[in-house]
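This briefing is meant for a reader who is meeting the structure for the first time. Please keep the sequence and the model in view while reading the points below.

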Amino acid sequence: MPRIGPDTLAIGCMRLSTEPGRDEALAIATLHAALDAGVTLLDTADAYCLHQGEAGHGERLIAKALAAWAGDRARVQVATKGGLTRPGGRWEADGRGRHLRAACEASLRALGADRLALYQLHAPDPRTPLATSVRALAALQREGLVERIGVCNVTFGQLREVADVAEVAAVQVELSPWSFEPLPSGILEWCVDHGVALLAHRPLGGPGGRGRQAGDATLRSVAARPGASPAEVVRAWLRSLAPVVVPLPGPTTPAHARSAVRAARLVLTPEDAVELDARFSAGALARRPRAERRP
């Protein structure tokens, strides 16, 4: 499988399985629209479901969509996660080695795969040493069940701890113009230095993001020049921060899926980047030479 890099077009698939009013036919149509438009990475998790009784819903949905898709499935990577459970619809961490092994094996069955392209620890478990969880992922990798491993929702300190235990191919954290902790904390810098993909979930700011985008004069101004939407500009700006940044928008309709791909191909002009960095200071911070950021 190719490494996740600047040319990777990705979407997150959580909402296709966690929305109370989810629609399977619409979800599959959304996945097909994304794949037809050029998406090569689908990010899911065994915990993308409504409750623990249907764990693996998101993975089974993707397997069904891929089986019905007429395109070249060999170019599509599926990244999934283990380490969260959904008792009663809640989100509870379980980073024990035996749980991760069982979750990995269940994910393989749900996806109908012999090996997982990327298997990620969904979140650190406060009751289990992080090193223990990561060693469990590394063991699955050595056994050939997993090609590459990654971690999600970690702090910079936790990331450094992970790096002492195993080699990771991806770090998934929240990153948007309104939530940019990975930039000042050093996570983005570390990913750049080590050639590790930074998968940015909630790139549009989560539930309140649409209103913030629509009400932002700078986003509207920049979007008007290439005839794009503010959301497309946000995703293009995130990609411009560093070649390792791969936004994970979560489309729920075919139109939103096609928009996500347009954003991945939108190239900001230097003037656009300067204007956006002035509006969102995180951009200027990410682009500032290291010696100026950390003298």
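In this predicted model, the lining of the second largest cavity contains three nonpolar residues, two charged residues and no polar ones. The residues concerned are R3, I4, R148, A169 and A197, and the space they line has a volume of about 30 Å³. The points that follow deal with the other cavity, the open pocket, the overall fold and two local sites.

**Enclosed cavities**

- Across the whole structure, a search for cavities of 30 Å³ or more returns two.
- The largest cavity holds about 70 Å³ of space.
- Its lining is formed by L9, A10, I11, V39, R235, R239, P247, P249, A260, V261 and A264.
- By class, nine residues of this lining are nonpolar and two are charged, while none is polar.
- Three elements each contribute at least two residues to the lining of the largest cavity: strand β1 (10-12) and the helices α11 (230-241) and α12 (254-265).
- The greatest contribution to that lining comes from α12, which supplies three residues.

**The largest pocket**

- The largest pocket has a volume of about 920 Å³.
- Its lining comprises 35 residues, and those nearest the centre of the pocket are R15, R202, L204, P249 and G250.
- Helices α9 (209-214), α11 and α12 are the elements that give two or more residues to this lining.
- The lining of the largest pocket divides into 15 nonpolar, 14 polar and six charged residues.
- P249 appears in the lining of the largest cavity and is also among the residues nearest the centre of the largest pocket.
- Helices α11 and α12 likewise serve both sites, each giving at least two residues to the lining of the largest cavity and two or more to that of the largest pocket.

**Overall fold**

- The secondary structure of the protein consists of 15 helices and 10 strands.
- The radius of gyration is 19 Å, close to the 19 Å given by the globule rule for 295 residues, so the protein is as compact as a globular protein of that length.
- Taken along the principal axes, the box filled by the C-alpha atoms is roughly 50 × 50 × 35 Å.
- Of the 295 residues in the protein, 55% are buried.
- Among contacts with a separation of 6 or more, 75% are made between residues 24 or more positions apart.
- The protein exposes about 12,700 Å², of which carbon and sulfur atoms supply 53%.

**Helix α8 and the residue after it**

- In helix α8 (residues 187-194), the buried residues are I187, L188, E189, W190 and C191.
- G195, placed just after α8, adopts a positive phi of about 65°.

**The site of T44**

- T44 is located in the loop between β2 (41-43) and α3 (57-67).
- This residue counts as buried because its relative accessibility is 0%, and the cut-off for a buried residue is under 20%.
- Leaving aside residues up to four places away in sequence, T44 touches C13, G58, E59, I62, V78, A79, T80 and K81.
- Three of these partners, G58, E59 and I62, fall within the residue range of α3 (57-67).

How values were computed
Residues are numbered from 1 along each chain as its sequence is written. This is a predicted model: local features need pLDDT of at least 70, side-chain atom pairs count only at pLDDT 80 or more; totals for chains, interfaces and linings use all residues. Side-chain values use heavy atoms; hydrogens and water are left out. On a 1 Å grid over the protein atoms alone, a cavity is a set of points where a 1.4 Å probe fits but cannot get out, and a pocket is an open set with protein on both sides within 12 Å along at least five of seven lines; lining residues have an atom within 4 Å of a point. Grid points are joined across faces, edges and corners, and a volume is the space filled by probe spheres set on the points. Helices (H or I, at least four residues) and strands (E, at least two) are DSSP runs, numbered from the N terminus. Ala, Val, Leu, Ile, Met, Phe, Trp, Tyr, Cys and Pro count as nonpolar, Asp, Glu, Lys and Arg as charged, and the others, Gly among them, as polar. The radius of gyration is taken over C-alpha atoms; the globule rule is 2.2 Å times the number of residues to the power 0.38. Buried means under 20% relative accessible area, exposed over 50%, partly exposed in between (1.4 Å probe, protein chains only). Contact means heavy atoms within 4.5 Å. Accessible areas come from the Shrake-Rupley method with a 1.4 Å probe; for residues, only the protein chains shown count as cover.
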